[in-house]
Amino acid sequence: MNPAAGVPVAERELVHTAELAVEVEDVPAAAEEAVGVAESAGGYVAEENVSTAQGGPPHASLVLHVPQEHYDKAVEELAALGTRADLNRRVEDVTEEVADVDSRVESAEASLERLRELLGDAESVEDVLAVEEQISTRQEDLEALQARQEALAEQTAYGTVRLDLDPPKTYVEDPAGDSIGFLGGLERGWRALVGLARAASVAVGWVLPFLVPAAVLA
């Protein structure tokens with residue numbers, strides 16, 4: 001019989017996940033606000049990556065974990081950081097898996113206890129070694145089950161928000177500073193000189209066909 005079959009809807013173990021994309025004017029500032037939203041709700045930041053590389057638009061990606069009781073409100077506050085571009089929400093029911101893992105952990109603990117009792121009753125070295133080998137194997141299985149149990153408890157206690165922050169499509173990068181420096185001035189001056197030479201050559205090309213008849217007439 002499935003131990004989770006009769007669990008009421010309100011008591012089921014659920015994993016909430018949201019993928020949210022928001023357009024903001026100031027990406028680094030919005031990222032700080034997003035961290036504040038998660039921490040104010042009693043959550044924490046699992047991952048944070050803010051990129052402001054010169055020559056391209058800034059971008060921030062964050063993975064936030066928020067307690068289930070504040071999850072919906074936190075998603076709304078994060079979407080309100082700017083203009084919401086995209087939102088995908090998923091809910092996974094893991095009630096049966098939680099019940100199964102809990103039952104297996106209980107069984108593994110009971111099995112280990114029986115093996116330890118057998119170890120105390122072992123009368124030969126061969127029996128001791130055999131029981132100890134069984135204990136080692138069962139202990140590894142128990143630790144793996146306990147790790148999964150803890151992971152499920154974390155996932156059901158906290159909702160996850162994967163947040164992407166980007167500037168609007170009309171974003172234009174601000175200059176790095178007021179002064180372009182010596183090399184920048186030299187580069188711009190050279191470009192201006194090349195442009196002037198090209199313009200002069202074009203002008204000569206236009207005038208040259210008229211100079212020959214004018215010289216003949218003269």
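**Salt bridges, an aromatic pair and a negative patch**

Asp-72 has a relative accessibility of 45% and therefore counts as partly exposed, lying between the limits of 20% for buried and 50% for exposed residues. This value, like those that follow, comes from a predicted model. The side chain of Asp-72 meets that of Arg-89 in a salt bridge, with an N to O distance of 2.6 Å. Asp-72 belongs to helix α2 (residues 71-79) and Arg-89 to strand β4 (residues 83-93), so the contact ties together parts of the chain that are 17 residues apart in sequence. Arg-89 is itself partly exposed, at 42% relative accessible area.

It helps to place this contact in the overall layout. The protein chain contains 5 helices and 5 strands, and these follow one another along the sequence as β-α-β-β-α-β-α-α-β-α. Of the 218 residues in the protein chain, 25% are buried.

Side chains of opposite charge can pair when their charged atoms come close. In this model, 5 salt bridges are found, and the contact between Asp-72 and Arg-89 is one of them. Another joins the side chains of Glu-97 and Arg-148, at 2.7 Å from N to O. Here the partners come from distant parts of the chain, with Glu-97 in helix α3 and Arg-148 in helix α4, 51 residues apart. Glu-97 is partly exposed, with a relative accessible area of 30%, and Arg-148 is partly exposed too, with a value of 31%.

Helix α3 also holds a salt bridge within its own length. Arg-104 pairs with Asp-100, and the closest N and O atoms of the two are 3.8 Å apart, a distance that counts because the limit for a salt bridge is 4 Å. Both residues sit in helix α3, separated by 4 residues, or about one turn of the helix. Arg-104 counts as partly exposed at 45% relative accessibility, and Asp-100 is likewise partly exposed, with a relative accessible area of 38%.

Turning to the rings, how many aromatic pairs does a search of the whole structure find? The search returns 1 aromatic pair. The pair consists of Tyr-44 and Tyr-158, whose ring centres are 5.6 Å apart; the ring planes meet at 70°, so the arrangement is edge-to-face. Tyr-44 is in strand β2 (residues 44-51), while Tyr-158 is in strand β5 (residues 158-166), and the pair therefore ties together parts that lie 114 residues apart in sequence. Both partners are partly exposed: Tyr-44 has a relative accessibility of 33%, and Tyr-158 has one of 24%.

Charge also gathers on the surface without pairing. A patch of negative charge is formed there by Glu-113, Glu-117, Asp-121, Glu-123, Glu-126 and Asp-127. Helices α3 (95-121) and α4 (125-157) are the elements that give two or more residues to the patch. Which of the elements gives the most? That is α3, with 3 residues. Glu-113, a patch member, lies in helix α3 and is partly exposed, with a relative accessible area of 42%. This value fits its place in the patch, because patch residues need over 30% relative accessible area.

Helix α3 thus recurs in this account: Arg-104 and Asp-100 pair within α3, Glu-97 links α3 to Arg-148 in helix α4, and α3 gives 3 residues to the negative patch.

Terms used:
Residues numbered from 1 in each chain as written. Predicted model: local features only at pLDDT ≥ 70, side-chain atom pairs only at ≥ 80, totals over all residues. Heavy atoms only, no water. Patch = residues over 30% accessible without salt bridge, like charges linked within 9 Å, V, L, I, M, F, W, Y side chains within 5 Å. Areas by Shrake-Rupley, 256 points an atom, 1.4 Å probe, with all protein chains shown as cover. Lys, Arg positive; Asp, Glu negative; His and termini not counted. Charge placed at Lys NZ, Arg CZ, Asp CG, Glu CD. Buried < 20%, exposed > 50% of the residue type's maximum accessible area, 1.4 Å probe, protein only. Phe/Tyr/Trp six-rings, centres within 6.5 Å; stacked < 30°, edge-to-face > 60°.
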